[in-house]
Amino acid sequence: LEWSPPHRSELFWRDNGHKLVEHNFEIIKALSDHLNTSNDPRSVSIAVNDITMFMLHYSLGSKVVENLGIKPRI
């Protein structure tokens with residue numbers, strides 16, 4: 001993962017955060033897998049940022065992250 005404008009944009013997350021639940025949470029699960037497999041601290045930081053932004057901008061985001069078992073890893 002690389003820092004790009006969408007990762008840091010409140011507007012992006014407000015408008016698109018809900019889309020991360022599509023396809024059975026595929027993107028959230030991929031970010032979770034990345035937390036377990038990446039050795040790059042910057043890339044892990046970006047994944048944590050994206051999951052956090054999802055939780056902030058999707059009304060059930062915290063519940064989704066908790067149900068998927070991601071919170072302890074963050």
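Leaving aside neighbours within four places in sequence, which residues is glutamate 10 in contact with? Let me start there, hello everyone, and then walk around the rest of the chain. One reminder before the details: what you have in front of you is a predicted model.

So, glutamate 10. This residue is found in helix α2, which covers residues 10-16. Once we set aside the residues up to four places away in sequence, its contacts are Met53 and His57. For a distance to go with that, take valine 48: glutamate 10 and valine 48 are 38 residues apart in sequence, and their C-alpha atoms are 15 Å apart in space. Is glutamate 10 buried or exposed? In between, actually: its relative accessibility is 42%, so it counts as partly exposed.

Let's move on to the aromatic rings. How many aromatic pairs does a search of the whole structure find? The answer is 2. One of them joins phenylalanine 12 and tryptophan 13, and this pair is edge-to-face because the planes sit at 85°, with the ring centres 5.3 Å apart. The two partners are covered to unlike degrees. Tryptophan 13 has 4% relative accessibility and therefore counts as buried, while phenylalanine 12, with a relative accessible area of 29%, is partly exposed.

Then there is the pair of phenylalanine 54 and tyrosine 58, which is stacked, with 15° between the planes and 5.3 Å from centre to centre. Phenylalanine 54 and tyrosine 58 are both buried.

While we are on rings, please also look at tryptophan 3. Arginine 8 lies over the face of that ring, 4.2 Å from its centre.

Now to the helices. Helix α3 spans residues 22-37 and helix α4 spans residues 41-57; the two pack at an angle of about 145°, and their axes are 9 Å apart. Their crossing is left-handed. Which residues make the contact? From α3 we have Ile28, Leu31, Ser32, His34 and Leu35, and from α4 we have Ser43, Val44, Ala47, Val48, Asp50, Ile51 and Phe54. Sorted by class, that contact holds 8 nonpolar, 3 polar and 1 charged residues. You may recognise phenylalanine 54 here, since this residue is also the one stacked with tyrosine 58.

Let's stay in α3 and look at some of its backbone. Histidine 23 is in this helix, and its phi is near 55°, a positive value in a residue other than glycine. With 63% relative accessibility, histidine 23 counts as exposed. Phenylalanine 25, also placed in α3, has a positive phi of about 65°, although it is not a glycine. Those are two angles you might like to look up in the structure.

What does phenylalanine 25 touch, not counting residues up to four places away in sequence? The list is Leu20, Val64 and Leu68. For leucine 68, the separation along the sequence is 43 residues, yet the C-alpha atoms of phenylalanine 25 and leucine 68 are 9.3 Å apart in space. Phenylalanine 25 counts as partly exposed, at 22% relative accessibility; the buried class stops under 20%.

Glutamate 22 is found in α3 as well, and this residue is partly exposed, with a relative accessible area of 43%. From glutamate 22 to tryptophan 3 there are 19 residues along the chain, and the C-alpha atoms are separated by 23 Å.

My last stop is valine 65, in helix α5, residues 61-67. How buried or exposed is valine 65? Its relative accessibility is 0%, so valine 65 counts as buried. Not counting residues up to four places away in sequence, valine 65 touches Ile51, Phe54, Met55, Ile70, Lys71 and Ile74. Two of those names, Ile51 and Phe54, came up a moment ago on the α4 side of the contact with α3. As for distance, valine 65 and threonine 52 are 13 residues apart along the chain, with 9.2 Å between their C-alpha atoms.

That is my tour, and I'm happy to take your questions.

Terms used
Residues are numbered from 1 along each chain as its sequence is written. This is a predicted model: local features need pLDDT of at least 70, side-chain atom pairs count only at pLDDT 80 or more; totals for chains, interfaces and linings use all residues. Side-chain values use heavy atoms; hydrogens and water are left out. Rings of Phe, Tyr and Trp (its six-membered ring) pair if their centres lie within 6.5 Å; planes under 30 degrees apart count as stacked, over 60 as edge-to-face and the rest as tilted. Buried means under 20% relative accessible area, exposed over 50%, partly exposed in between (1.4 Å probe, protein chains only). A charge sits over a ring if NZ of Lys or CZ of Arg is within 6 Å of the ring centre and within 35 degrees of the ring normal. Axes are lines fitted to C-alpha atoms, for helices over the stretch in contact, and angles run from 0 to 180 degrees between N-to-C directions. Helices (H or I, at least four residues) and strands (E, at least two) are DSSP runs, numbered from the N terminus. A crossing is left-handed if the near helix is turned anticlockwise from the far one by less than a right angle, and right-handed if clockwise. Contact means heavy atoms within 4.5 Å. Ala, Val, Leu, Ile, Met, Phe, Trp, Tyr, Cys and Pro count as nonpolar, Asp, Glu, Lys and Arg as charged, and the others, Gly among them, as polar.
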